[in-house]
Amino acid sequence: MAGIGEKLTRIFEKDTVTTNLIGFGYSATSTVAPMFVVILNIVLMQHFLGFSKLGFVERELFSCTVLYIFIFALLTASPFNSVLSKYVSDVIYEERYEDIRPCYYLGLLMNILLSCLLGIPFCLWEHFVGKVDVFYVFIGYCGYISLVLVFYSMIYLSIAKDYEKISLFFFLGMLEAFLLSLFLRYIMHWGIRESMLFALMTGFFLIAFLESAVVKRYFINNSNRYRSVLRYFRKYWKLVVSNFFYNLGLYIHNFVFWTTEMKLVLVKSFVCNQPYDMATCLAMFTNLSATVIFITRVEMHFHDKYKRYSEAVIGGKGADIDTAKKEMFRQLSAELVNLVRIQFIITTVIYLACVVLLPRAGISSLTLRIYSCLTAGYFMLFLMYSEIIFLYYFNDLTGAAITSLSFCLVTFVGSIFSTHLPELWYGMGVVLGAFTGWTVAYIRLRYMERHLDAHIFCKGSILKPGMGTRPPGKVYDVSAQSGKEA
């Protein structure tokens, strides 16, 4: 996140309606714009290619293919991106830029291997058991791998604070995909489904190619030191746990409802639950502005307090450290309260608008009944994620891991229980899981506030750690010394 704060401060410091709108737009462009660009492109392709003319099975097969591509590309990237982000940030701080390329290549290899291990068996099943033609299966697989590459390279551009380039690359990639889909459909006379999926695949590949080119242009030298990257996975394994279980918790309630009687099975391979999945998507979009608000306010306010505290720790007096710590946690509390207040207003307005307008757009009443509870759950979920970010600030990896794990487990168990409730309460698993995670993270933040001095000053070792035989623990023999004196 660091890096957009200075621009936001310059934009918002004039304190006018116009600059506030510009600042909010810049924040949105730097955070959630890529996702909206992809969604807008899919909607436009469906409109101009006549997607509604396809049969039900063909439409749902395309929708499920895109859904699975996004979900499992995110899940396979989640075990790596947090540790690699930590490694690259430390390397940049130490100005060892030649170590970034080995990290990029090794992380890419591990991510691709894991993605292939999950993707290839599924594609084989889809073709041989589901009887889907091999060309469509291959396009879907290539799109999945291309999106994996996109998410992976985004890590390095985010660390390099190049958010504008990420949004630009997504715009260019989706523009190419839209134009190519028109060419394949109306010039080459491909099928609607194949034209859309192939165009999306090439768009994702273009985005990945552009991101990779920028990363290699930024970091030219290669030290060939790969072991240090692997040691980071062993040292910061809690980051792997934290990030993976948070991302798994985002979708595990969907997986549970994919096993109910409401599920839809396509070509004996894809499973989905249309009303619940649609309600989940609506609930996420209803609360998505929390991400923009949080990043904006943290960059503009909290980051400065955190920087002052860090500078006080390095060279300040004890009184200065205590003062900076109090100001930092006071600002942290204020940011959480403001986020709750602002997002609650936004969520309420969007929820009421959806309840009124969506039935006219053809959204079923069942989806809207599920949507209400999920909206509350995602409201707390984004608040919980904000607390996880604060835990990362204080290097409380244990707290972040416990928070994500408790969120995922409670969401899983709560969703199983919710399948036996009326439709209005189907989202209780997300509500319980997000509330549990929020509570755990809040307790850990309070714990860090009380024990921050010990956490900062009482870690580390006087002697440099090394490999070898451990020296004996006895350093002084009282009886032997007494005998000599006698």
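Among contacts in the protein chain between residues at least 6 apart in sequence, what percentage join residues at least 24 apart? The figure is 80%. Keep that in mind as we walk through this model, which is a predicted one.

Let's start with the overall inventory. The protein chain has 17 helices and two strands. There are 486 residues in the chain, and buried residues make up 47% of them.

Now for a pair of helices you can find on screen. Look for helix 4, which covers residues 56-93, and then for helix 5, residues 100-128. Their axes are 10 Å apart, and the two helices pack at an angle of about 165°. Because angles over 145 degrees count as roughly antiparallel, helix 4 is roughly antiparallel to helix 5. The way helix 4 passes helix 5 is a right-handed crossing. Which residues meet there? From helix 4 you'll find, among others, Tyr68, Thr76, Ala77, Phe80 and Leu84. On the helix 5 side, the residues they meet include Cys103, Gly107, Asn111, Leu114 and Phe122.

Let's zoom in on one of those, Asn111. This residue belongs to helix 5. Is Asn111 buried or exposed? Its relative accessibility is 1%, so Asn111 counts as buried. If you skip its neighbours within four places in sequence, Asn111 is in contact with Thr76, Ala77 and Phe80, and also with Val148 and Tyr152.

Helix 4 has another residue to visit, Ser63. With a relative accessibility of 32%, Ser63 counts as partly exposed. Try locating Leu197 as well: Ser63 and Leu197 are 134 residues apart along the chain, yet their C-alpha atoms are separated by 9.9 Å.

Next up are the aromatic rings. A search of the whole structure turns up 38 aromatic pairs. Take Tyr68 and Trp258: their ring centres are 5.5 Å apart and their planes sit at 0°, so this pair is stacked. The cut-off behind that label is an angle under 30 degrees between the planes. Where do the two rings come from? Tyr68 is in helix 4, while Trp258 is in the loop between helix 10 (237-257) and strand 1 (264-266), so the pair links distant parts of the chain, 190 residues apart. Both partners are tucked away from the surface in the sense used here: Tyr68 is buried, at 10% relative accessible area, and Trp258 is buried too, at 8%.

Right beside Trp258 in the numbering sits Phe257, which forms a stacked aromatic pair with Tyr276. Here the distance is 4.1 Å centre to centre, with 15° between the planes. Phe257 lies in helix 10 and Tyr276 in helix 11 (residues 274-287), so this pair ties together parts that are 19 residues apart in sequence. Phe257 is buried, with a relative accessible area of 0%, and Tyr276 counts as buried at 0% as well.

Rings can also join up into groups. Tyr68 and Trp258 turn up again in a cluster linked by ring pairs, along with Phe72, Phe122, Phe255 and Phe270. A ring can have a charged partner, too: the charged end of Arg193 sits over the ring of Tyr136, 4.5 Å from its centre.

Time for a second helix pair. Helix 13 (residues 318-357) and helix 16 (residues 428-457) have axes that come within 12 Å and cross at roughly 150°. That angle makes the two helices, helix 13 and helix 16, roughly antiparallel to each other. Their crossing is right-handed. The residues making the contact include Ile321, Met328 and Phe329 of helix 13, and Leu445, Met448 and Leu452 of helix 16.

Finally, let's look at the backbone. Most residues other than glycine have a negative phi. Against that background, His189 is worth a look: it isn't a glycine, but its phi is positive, about 60°. You'll find His189 in the loop between helix 7 (163-186) and helix 8 (192-218). Is His189 buried or exposed? With a relative accessible area of 62%, His189 is exposed. Asn224 is another residue other than glycine with a positive phi, near 60°. Its place is in the loop between helix 8 and helix 9 (227-235).

Key
Residues are numbered from 1 along each chain as its sequence is written. This is a predicted model: local features need pLDDT of at least 70, side-chain atom pairs count only at pLDDT 80 or more; totals for chains, interfaces and linings use all residues. Side-chain values use heavy atoms; hydrogens and water are left out. Rings of Phe, Tyr and Trp (its six-membered ring) pair if their centres lie within 6.5 Å; planes under 30 degrees apart count as stacked, over 60 as edge-to-face and the rest as tilted. Helices (H or I, at least four residues) and strands (E, at least two) are DSSP runs, numbered from the N terminus. Buried means under 20% relative accessible area, exposed over 50%, partly exposed in between (1.4 Å probe, protein chains only). A charge sits over a ring if NZ of Lys or CZ of Arg is within 6 Å of the ring centre and within 35 degrees of the ring normal. Axes are lines fitted to C-alpha atoms, for helices over the stretch in contact, and angles run from 0 to 180 degrees between N-to-C directions. Angles under 35 degrees count as roughly parallel, over 145 as roughly antiparallel, 65 to 115 as roughly perpendicular and the rest as oblique. A crossing is left-handed if the near helix is turned anticlockwise from the far one by less than a right angle, and right-handed if clockwise. Contact means heavy atoms within 4.5 Å.
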